[in-house]
Amino acid sequence: MKINKDWKVETMISHFAEERENYEGAVVPPIFQNTLFTFKDWDAIDAAFDDRVNTSIYSRGRNPSVNMVEQKLAKLAGSEKVRLFASGMSAITAAVMHFLNTGDHVIAIKNIYGPANNLLSVYLKKKMGIETTFVSGNDIREYEEAIRTNTKLIYLESPSSAIFSIQDIEGICKLAQSKGIKTIIDNTWASPIFQNPLKMGIDLEIHSCSKYIGGHSDVVAGLVIGNKKDMDSISVNEFELLGGKIASIEAWLLMRSLRTLPIRMKAHQENAMKIAKYLESHPKIETVNYPGLKKFPQYKLAKKQMTGFSALMSFKLKTLDLSQIKTFFNSLKIFKIGVSWGGHESLVYAPAISYLKELSPQQFEGLGISLGDMRISVGLENAEDLINDLEHALNTIS
Ligand SMILES: Cc1ncc(COP(=O)(O)O)c(C=O)c1O
């Protein structure tokens, strides 16, 4: 389809990379559910192998259903190339492995997604002798002090999905570039709609598409975005060789999701802001941790780096009585109990459920977490209904 450069994001994301005339005008492209592609003769398949990154030969490498979505996502992120993976974790693994070799050193922030922390601090340490220094990440001097002669990578997650800490992306990238260190950011919380880290100097951006990009809680997927040189190398090596490809049907579902991503993010933001403000003013709530609130300690930096705020937040109930906390938790009706986030449905989770299995209440309070902490993912339901649900649950406790 002929694209007009002046089109805004909502229009572009709907039509870019779709050649409807090739599919009898079908408004939604078919799913390319095939393992291989055939060629008319020797010369044709020979030429395909000369440009294997850009040619459909075998679906572990390139598949048109996947490629259409990758093109849309690259356009959205203002980048040269995107690769879609089977999960956010396989995207993280690919990005990290692209930059690291045996014996390298990494600087990462403390509160990155748990399995990403595990990958760096346990798996890659054991397999490849890679050492990681974890920093709180709020002060650029921490990174300066952590740099070693073998530091090859700084790994960020801003805002982080556990405590919503914000890192000064531009400042960290300047430091990294001056020392020849590469940078990766997990940009899942903000989504490509609200934050563009590549423009701030980041080398590779990753997302779990299982959150906002998918948005319907029916696809587990991930992506890596970067410049052509890095992405061509990732395509041949970490993508095609290691084989963590996304299924065609899941890419096709992501195409469906992308058409509504800009308006979904707007609606998530509106709902989240109403709920954060309601919770902030409630007498039974101690604090609300949401980067979109003016009281959020890093609000200024958050505003500088992001054009909007998504809808994952946490709050602390005043009560520390476990039976009251459970009553509140169990009384929510619209907020469903579950671990993920970024979907159409509102969710609640209490970090204490995980921590109580491993740590004493005193130990986990040392981590800045309390029994009364609740993490909520605000979905796309009506904000008034969601507030009524919270109000009802809060009324069940003293
Ligand atoms: C911030 C963040 N990054 C990455 C991931 C991993 O994504 P996936 O579950 O798609 O592998 C998650 C999953 O919860 C996450 O919360």
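The legends below describe close-up views of a predicted model.

**View 1. Strand 4 and its two parallel partners.**
Strand 4 comprises residues 151-157 and is mostly covered, with six of its seven residues buried. Strand 2, made of residues 105-109, runs parallel to strand 4 and is joined to it by four bridges. Within this pairing, Ile 107 stands opposite Ile 154 of strand 4. Strand 5, residues 182-186, also runs parallel to strand 4, and five bridges join the two. Here Ile 154 faces Thr 183 of strand 5 across the pairing, and Leu 156 stands opposite Ile 185 of strand 5. Ile 154 thus has an opposite residue in strand 2, namely Ile 107, and another in strand 5, namely Thr 183. Strands of a sheet pair through backbone hydrogen bonds, in either a parallel or an antiparallel manner.

**View 2. Strand 5 and its pairing with strand 6.**
Four of the five residues of strand 5 are buried, and the strand is described as mostly covered. Strand 5 pairs with strand 6, residues 204-208, in the parallel sense over three bridges. In this pairing Ile 185 stands opposite Glu 205 of strand 6. Ile 185 also has Leu 156 opposite it in the pairing with strand 4.

**View 3. The β-α-β unit and Ala 176.**
Strand 4, helix 7 (residues 169-178) and strand 5 together make a right-handed β-α-β unit. Ala 176 belongs to helix 7. Its relative accessible area is 1%, which is under the 20% limit, so Ala 176 counts as buried. The contacts of Ala 176, leaving aside residues up to four places away in sequence, are Ile 154, Ile 181 and Thr 183. Ile 154 lies 22 residues from Ala 176 in sequence, and the two C-alpha atoms are 7.5 Å apart in space. Two of these contacts, Ile 154 and Thr 183, stand opposite each other in the pairing of strand 4 with strand 5.

**View 4. Ser 165 in the loop between strand 4 and helix 7.**
Ser 165 is located in the loop that lies between strand 4 and helix 7. This residue is buried, with a relative accessible area of 7%. Residues up to four places away in sequence being left out, Ser 165 touches Ile 109, Asn 138, Glu 157, Ser 158, Pro 159, Ser 160 and Gln 298.

**View 5. Helix 4 and its start.**
Helix 4 consists of twelve residues, 88-99. At 1.5 Å a residue the helix should span 16 Å, and its end C-alpha atoms are 17 Å apart, which agrees. Its buried residues are Gly 88, Ala 91, Ile 92, Ala 94, Ala 95, Val 96, His 98 and Phe 99. At the start of the helix, a side-chain oxygen of Ser 87 comes to within 3.4 Å of the backbone nitrogen of Met 89.

**View 6. The surroundings of the ligand.**
There are 13 residues around the ligand, of which Gly 88, Met 89, Asp 186, Ser 210 and Lys 211 come nearest. For Gly 88, a backbone N or O atom lies 2.9 Å from an oxygen atom of the ligand. For Met 89, a polar backbone atom is 2.9 Å from an oxygen atom of the ligand. Asp 186 contributes its side chain, in which an N or O atom is 2.6 Å from a nitrogen atom of the ligand.

**View 7. The open sheet of five strands.**
Five strands in the order 8-9-12-11-10 form an open sheet with mixed pairing. Strand 8 (285-289) and strand 10 (336-337) each have a single partner strand and stand at the edges, so one side of each is left without a neighbour in the sheet. Strand 9, residues 312-317, and strand 12, residues 373-377, are paired in the antiparallel sense over five bridges. In this pair, Phe 315 stands opposite Met 374 of strand 12.

**View 8. Ser 331 in helix 12.**
Ser 331 is placed in helix 12, which covers residues 322-331. With a relative accessible area of 10%, Ser 331 is buried. Its side chain reaches the backbone oxygen of Thr 327 at 2.5 Å. Apart from residues up to four places away in sequence, Ser 331 touches Asp 389, His 392, Ala 393 and Thr 396.

Notes
Residues are numbered from 1 along each chain as its sequence is written. This is a predicted model: local features need pLDDT of at least 70, side-chain atom pairs count only at pLDDT 80 or more; totals for chains, interfaces and linings use all residues. Side-chain values use heavy atoms; hydrogens and water are left out. Buried means under 20% relative accessible area, exposed over 50%, partly exposed in between (1.4 Å probe, protein chains only). Two strands pair if DSSP finds at least two bridges between them. A crossover is right-handed if, with the strands pointing away from the viewer, the path from the first strand over the helix to the second runs clockwise. The expected span of a helix is 1.5 Å times one less than its number of residues. A polar contact is a pair of N or O atoms within 3.5 Å; within protein, one must be able to donate a hydrogen and the other to accept it, and residues adjacent in sequence count only if both atoms are side-chain atoms. Contact means heavy atoms within 4.5 Å. A residue is near a molecule or strand if one of its heavy atoms lies within 4 Å of it.
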